[in-house]
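Biologist: I should like to go through this model with you and ask how each term is justified. Please give the criterion each time.

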Amino acid sequence: MSVSILKQPKMLLIGAVLLVITAFSLIIRIIPVLSGNSDVLSNVGMDDPTYQLRRVELCLANFPNIAWFDPMTYFPQGQPMHWGPLFPLMSSAVCLLFGAHARPDIISVCLLIPCVMAALMVPILFFLVKKVADWKAGLIAGFFIAICPGQFFFRSYYGYFDHHIGEVLFSTLFCLGYVSALVYCRRNPVTIEDRKTWKIPAVLGLICGVLYVFGLALMPTMILFALLVGMFTPIWFIIQRYIGHLGASAVVVNTMTFLVAIIGFFIIGVHGEGGLNYYTTGHPVAYALIILGTWILFAFSWKLRDRSLTHYILALVGVTVLGTILLALLSPELFNYLLANANQFFGQEIHWKTIQEARPWTFDDAWRTFQYSLILFVIGIGVLLNKLRKELCPSYVFILIWSVVVFYATIQHIRYEYYLAVPAAMLGGISIGYGIDLIQKKRAGQIKEEPSAHLKGGKQKEAYQGRQKRSHSQSVSTGSMIFLVAVILLGALFTYNSIGRDLAIGSFNLNPDWREATEWMGHNTPDTGVDYYTIYQKDQWKPPAQAYGVMSWWDYGHIITFLGKRMPNANPFQYGVDGKFGAARYFITTNESEASGILDKLKTRYVITDYEMDTGKFWAMTTWDNPDVGAAPYQRNFILPNPDNPNTGQNFPFFMEPYYQTMVSKLHNFDGSMAEPRQVHYIQYMKPEFSKTSDPVIVNGSQMPYAAGAALLESSNSSLGPEYGTALVNYAYTEPVSKVPALQHYRLVHESPTRASPESLPDIRYVKIFEYVPGAVIHGEGVIEIPVTTNTGRNFVYRQESTNGTFTVPYPTNAKIGDVTTTGPYKIVSTGKEYQVTDDQIQAGSVVA
């Protein structure tokens, strides 16, 4: 494009509009900056953004070196890193450029980076859509990507510092490069005999390869776009054969692209074992297979150059089927590896339903995000198919495959909405741009009125044909106008709803209770001996003697690392969650000995619980612990029939007896103290297999004291038929339905300030930190107790019942432990005998005289 063309008024106007849309895209994402809040940390999103900031801090301390292993999470093994090096390197470079070295300055700079990346999507999408449509469609697509709500906007909003928008940015840049190569090669196909025709396609392939490597350096999931190329290439060959070429263009472009990808991969390096979501040798193998497949397709095209297109297509289908069978037979390991990775990307596992971003995409999710643009999405596909019918353009096919594959991936995992935003914006822009073009073309090519019949010798037939042409022209114009109005209306509705949702997002708020608790932990717990700012090598990692882990649910692993500078056993990578020694087993077990054995195995000293683990996230922990039964043994819905209409009823959730015995309930609900039942609900119910309902149906029940309920439970079990069951249940998580024994090795050391429970229930704070200790032994019988006052001023009495004539107690007497104070000696209730216990005795597991 010459400089003179760029200076034309039309081009200047387009550039100005593009700049305004880009600026608008940035401004609506940085609204929280305008609030004047100087506490930038409070704007950081939980989970992944905190760990990305940790990576940037580590990179800045060792610039330009990157850590491929992190001992500060998934203790004691340490975390192998499957996120790419580009995002922290790029972010660190920007921080250095702006002189950001202190944590608040680093956060201030970093939180803007995803916003800027999202804004850059506007011109990128403009040029991409302009390649396959025109500048009008490009501008509309650029505007749609600027306002698209849901995962794309959420993950590019100020506060959500993560690489996902970088994935979208670099993958779209790659697609822009690849589409540019397709457009050029369609106009200037490569001829094997003429090497001059190789040059520009080879350069375009080189550029595609470099753009691919950038995306790959950000995240290994970039391989999805290699898959797109692999799916598209056979169709590209068919199109080239149809228009009279053998497919040499595909050979040059794909070979160059993926040779560069292979070289780029080895520059990044092999950093893991397993699937393609890591930097494994599976990547260069996959790229080599694409190159090999392209050459095989070309060889068939050359060999069958004198045969018909139908013959060629049938040969391709046969070779594909035969090649798949041969791969499965000759290299079953590679075949199964590729199949397993496809299933991992596009499939579903029961555990993924507990992960917000990995759960399936429902229709409600789809409509909430894309609403009317879904209709434009379908219309856009129709427009491209119509154009493809008239003109076999490979770029149309590529965009169609891209859109369908990403749409399917999003159905499987909601997080891929951020990928789908690009096809949705493209197809929306193409739809409206096509409608505008219809009107413009009809106006430009309006059929002029035919000369009157008498001027043409009275030829009535010709006059009639002229009137028919005018009538047809007018009807087409009317239809075109209806189409244009419809797509503009859909676009306007999408714009109105999207901007409303975007502006309503407010700001991210780092959970203040978790912030307070982890910052307290960082300043008030023993040093681990592991330097937060040092890069450790996996093969040389050995935890220092004083190192210890922190047990909590995986959601909170990154904030424990970033703010507490402590080492969680489980993290949002879902490491350390399942299995015999996983966080799920620890919190769901009802056996303290098993729980303590897990902490001993993991060299863990502290446990952090929160109100959500105890309530809303409890089902997720049970699913990870035992997906076959999930939460059913602990929390269950029962149907209470409507007295006025027994055929209808209402679902009521109840806590079952095992719930109160789990470690998370013992810790968070009861502070590790013994809890005795008071009022319970005794119910009789019909089992679902007999009631033919999804949940058991309550047929009888009432609230009563525990003793009466327990007696009734024992007497009724033998008198009811097999279709009925009985249970003691409760509504409240603080009201057990049987005696809950005290924990002997856990003591509360800190709790956050916010009360999470309603006033009608006992005072439960949002976050609690417990220390795991050996405990001192006191000989005696009955119940022993000690008064405790927490850092929030909450008072409770730690009570424990003797086991085999002894008590194992976790608190010292008349002392402050962490942020919690005991305000007296231990006292055996039945005898009044008192005992003084020191913390040295607690830590040594001594017997108290």
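Biologist: What makes the contact between the side chains of Arg605 and Glu771 a salt bridge?

Modeller: A salt bridge requires a side-chain nitrogen of Lys or Arg within 4 Å of a carboxyl oxygen of Asp or Glu. The N to O distance between Arg605 and Glu771 is 3.1 Å, so the pair meets the criterion. Please note that this is a predicted model, in which local features need pLDDT of at least 70 and side-chain atom pairs count only at pLDDT 80 or more, whereas totals for chains, interfaces and linings use all residues. Residues are numbered from 1 along each chain as its sequence is written, and side-chain values use heavy atoms, with hydrogens and water left out.

Biologist: Why is Glu771 called buried, and why is Arg605 called partly exposed?

Modeller: Buried means under 20% relative accessible area, exposed means over 50%, and partly exposed lies in between, with a 1.4 Å probe and protein chains only. Glu771 has 5% and is therefore buried. Arg605 has 28%, so Arg605 is partly exposed.

Biologist: Which other residue forms a salt bridge with Glu771?

Modeller: Arg747 does, with the closest N and O atoms 3.0 Å apart. Glu771 lies in strand S12 and Arg747 in strand S11 (residues 746-751), so this pair ties together parts that are 24 residues apart in sequence. Strands here are DSSP runs (E) of at least two residues, and helices are runs (H or I) of at least four, numbered from the N terminus. Both Glu771 and Arg747 are buried. Arg605, Arg747, Glu771 and Asp839 are linked in a network of salt bridges.

Biologist: What makes an empty space a cavity, and how many of 30 Å³ or more does the structure hold?

Modeller: On a 1 Å grid over the protein atoms alone, a cavity is a set of points where a 1.4 Å probe fits but cannot get out; lining residues have an atom within 4 Å of a point. The structure holds 2 cavities of 30 Å³ or more. The largest has about 110 Å³ of space, a volume being the space filled by probe spheres set on grid points joined across faces, edges and corners. Of its 13 lining residues, the closest to the centre include Arg55 and Leu58. Helix H3 gives the largest share of this lining, 5 residues.

Biologist: What is the volume of the second largest cavity?

Modeller: The second largest cavity has a volume of about 60 Å³. Among the residues that line this cavity are Trp236 and His245.

Technical notes. On a 1 Å grid over the protein atoms alone, a cavity is a set of points where a 1.4 Å probe fits but cannot get out, and a pocket is an open set with protein on both sides within 12 Å along at least five of seven lines; lining residues have an atom within 4 Å of a point.
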